[in-house]
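Q: I would like a close look at a single part of this model, with its surroundings described afterwards. Please keep to what can be computed from the atoms or taken from a record.

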Amino acid sequence: MKPPCRHPSLHTSNAKNPPSSSSLLDDFTRHCYERDLPRAMKALHLMQRHQLWADSITYSELIKCCLARNAVGEAKQVHEHVFSNGYEPKTFLVNVFMNMYVRFGMLKVAEKLFDQMPERNVVSWTTMISAYASAKLRDKALEYLILMLRDGVRPNMFTYSSVLRACDDLWKLKQLHCIIMKVGLESDVFVRSALIDSYSKGGDLQGALVVFNEMVTKDFVVWNSIIGAFAQNSEGDEALNLYKNMKRAGFFADQSTLTSVLRACTALALLELGRQVHVHVLKYDRDLILNNALLDMYCKCGSLEDATLIFGRMGERDVISWSTMIAGLAQNGRSREAMDLFEQMKLSGMTPNYITMVGVLFACSHAGLVEEGWNYFQSMKEDFGINPGREHYGCMIDLLGRAGKLDEALNLVKEMDCEPDAVTWRALLGASRVHRNVELAQYAAEQILKLDPQDAGTYTLLSNIYANNQRWDDVREIRRSMKVKGVTKEPGCSWIEVDKKIHAFILGDESHPQIDEIYRHLNELVLRLVAMGYVPDTNFVLQDLEGEQREDSLRHHSEKLAVVYGIMSLPREKPIMIRKNLRICGDCHIFAKLVAKMEGRRIIIRDPIRYHHFENGECSCGDYW
């Protein structure tokens, strides 16, 4: 039973208001709106003593203050006061309390409040559905949507936007999409944005694009969603095309747009375009997420000078900032600097996370620092509470394998806390190739093909190992097996950016308009290199060819064509930056070192594993890759 009401914003169980009731309530209200938490709580305790209650809006202001200050204890006292002495708050205020507990991460308390509600409205249901979606309790979120509909409460755009985040498979998503269309909410900007995000997270980018294209009038939020969808799924070309269309439609980029565009530039290694985007980032120079994306772009486009400058100027750094810079230094061949930065990170008081340790171990792996690698690996759990995962084991196996400690590497695979995946076995296979251990290579390849029977790279690498050992019958057997199983080798492709255009080169492809001129320059360059002592390394020829044929097959590798085109097209002071889809072969590595020295050029080649900076006849990897 509610206490009798004597004032629009005052309840009291006494027949007459005490003389101080109105002034006490006015003081409480003023303190709540001024966000003066200590005085508001003091007034609250006096109100409790006199059994006084304020209106719901005033309490909601006090709860906002508690949330802003993360004052959980005070928030609980407000809750106890409001529900004391049989007082029954309105549904609005109960919803505010539920949202408060959700934001404090106290989902169980929010659930209890929800279960005790005599009446629930759309906000009540949506609060819980959103909470379950955020907590990755996807089945619970979908279950509550069904219960909500059974309860006769009609979901709104916020309900559907929340529950869409809980769809973890396309079948459920499409069912939900049909329901949304039936109730006529598919044109709502928030719902459509959530649909785009859900389709992209499910890997159905075409489905996301269909949802986007069905919207006659595009909204800024929806543009950001579709650009982000393609950027996050490594479809950089389409993300950039959509960005251009967005600008043509009259929209300006914000932090979210620029973050997605930077991701696209990163995926495509478009340094020049990334630098243009950097100009627009300057107006949001305090945005941490955007600065981290900019830092990542420069690291992954091979421009450590720019990355170091950005990192040094960041007013705020989080664990992502430090981890990105450490990994960037390691991948660009500056392992010692990466490890020094890791020590600086610890001194700054920032605690490393799982990703940080992957970068540190990668640095050790690609510099052959076995002892340091072991020390970091063994101290992860003790020093930082990080349990080694597959990525950490992979780095250590790669480190031991490269150092020729193949038995130790194999033992570590067998001792892993988690089941080794294909990436782990590939590290061992790569080490077997370097040290020409055919038996171990065969064993590692068998394990990979059990996990991924269509992995063309494993067949190719094993074929390479057989070829290096002149076992041509085994090479032919590998190729026969690939043909029978329908496994096709991905052709080597290299990309170079010249005058804001991407030029692609593939072995044997003669579609480039200047290909004849490129071949002529390449042949002249090889003759000059041979005079300097260059001998093509035919260990990297996978066919059973003889003499000059073996050398010719190496000559036209895609990265050589891209390097020559860069020499032809770019001024001497500008680095030749190349991205390729396959790991650089040993012969192309030698070629790039010699060309860099002979032509006085900087050549940067980014393969799927790391970055090679060639200058003055040397590579940043120290020939250890």
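In which sense do strand 3 and strand 4 pair, and over how many bridges?

A: The model is predicted, and what follows should be read as a description of that prediction. Strand 3 and strand 4 pair in the antiparallel sense, over six bridges. In general, the strands of a sheet pair through backbone hydrogen bonds, either parallel or antiparallel. One position that fixes the register is isoleucine 496, which stands opposite histidine 503 in strand 4. The two strands form a hairpin with two residues between them, and in this hairpin aspartate 499 takes a positive phi near 55°.

The hairpin belongs to a wider arrangement. Six strands make up an open sheet, ordered 4-3-5-6-7-8, and the pairing is mixed. Strand 4 (501–506) and strand 8 (618–619) are at the edges with a single partner strand each, so one side of each has no neighbour in the sheet. A parallel pairing is found between strand 5 (residues 576–580) and strand 6 (residues 603–606), which are joined by four bridges. There, isoleucine 576 is opposite isoleucine 603 of strand 6. Helix 31 (residues 558–569) packs on this sheet and touches strand 3 (493–498), strand 4, strand 5 and strand 6. The direction of helix 31 makes about 15° with that of strand 3.

Next comes the stretch on the N-terminal side of the sheet. Helix 28 covers residues 472–485, which is 14 residues. At 1.5 Å a residue the expected span is 20 Å, and the end C-alpha atoms are 20 Å apart, so the model agrees with the expectation. Buried residues in helix 28 are Trp472, Val475, Ile478, Ser481 and Met482. As a general point, an α-helix has 3.6 residues a turn, so residues three or four places apart point the same way. Just after helix 28, glycine 486 has a positive phi of about 70°.

On the scale of domains, the chain is divided into domain 1 (1–87), domain 2 (320–388), domain 3 (412–489) and domain 4 (494–619). The C-alpha centres of domain 2 and domain 3 are 29 Å apart. The UniProt record, an unreviewed entry, places the feature "repeat: PPR" at several spans, including residues 55–89, 318–352 and 455–489. Residues 55–89 are 69% helix and 0% strand, with end C-alpha atoms 9 Å apart. For residues 318–352 the figures are 74% helix and 0% strand, and the ends lie 10 Å apart, C-alpha to C-alpha.

A single residue outside the sheet can serve as an example of packing. Histidine 278 is in helix 16 (residues 271–281). Its relative accessible area is 17%, which means that histidine 278 is buried, the limit being under 20%. Apart from neighbours within four places in sequence, histidine 278 is in contact with Leu294, Tyr298 and Ile310. Leucine 290 is 12 residues from histidine 278 in sequence and 9.8 Å away in space, C-alpha to C-alpha.

Finally, the whole chain. There are 32 helices and eight strands, and buried residues account for 50% of the 625 residues. The C-alpha atoms fill a box of roughly 110 × 55 × 50 Å along the principal axes. Of the contacts between residues at least 6 apart in sequence, 62% join residues at least 24 apart.

Technical notes. Residues numbered from 1 in each chain as written. Predicted model: local features only at pLDDT ≥ 70, side-chain atom pairs only at ≥ 80, totals over all residues. Heavy atoms only, no water. Expected span 1.5 Å × (residues − 1). Buried < 20%, exposed > 50% of the residue type's maximum accessible area, 1.4 Å probe, protein only. Pairing = 2+ DSSP bridges. Contact = heavy atoms within 4.5 Å. Axes fitted to C-alpha atoms, helices over the stretch in contact; angles between N-to-C directions. UniProt positions renumbered as here; feature names shortened; annotations may be inferred. Domains from an automatic or database assignment.
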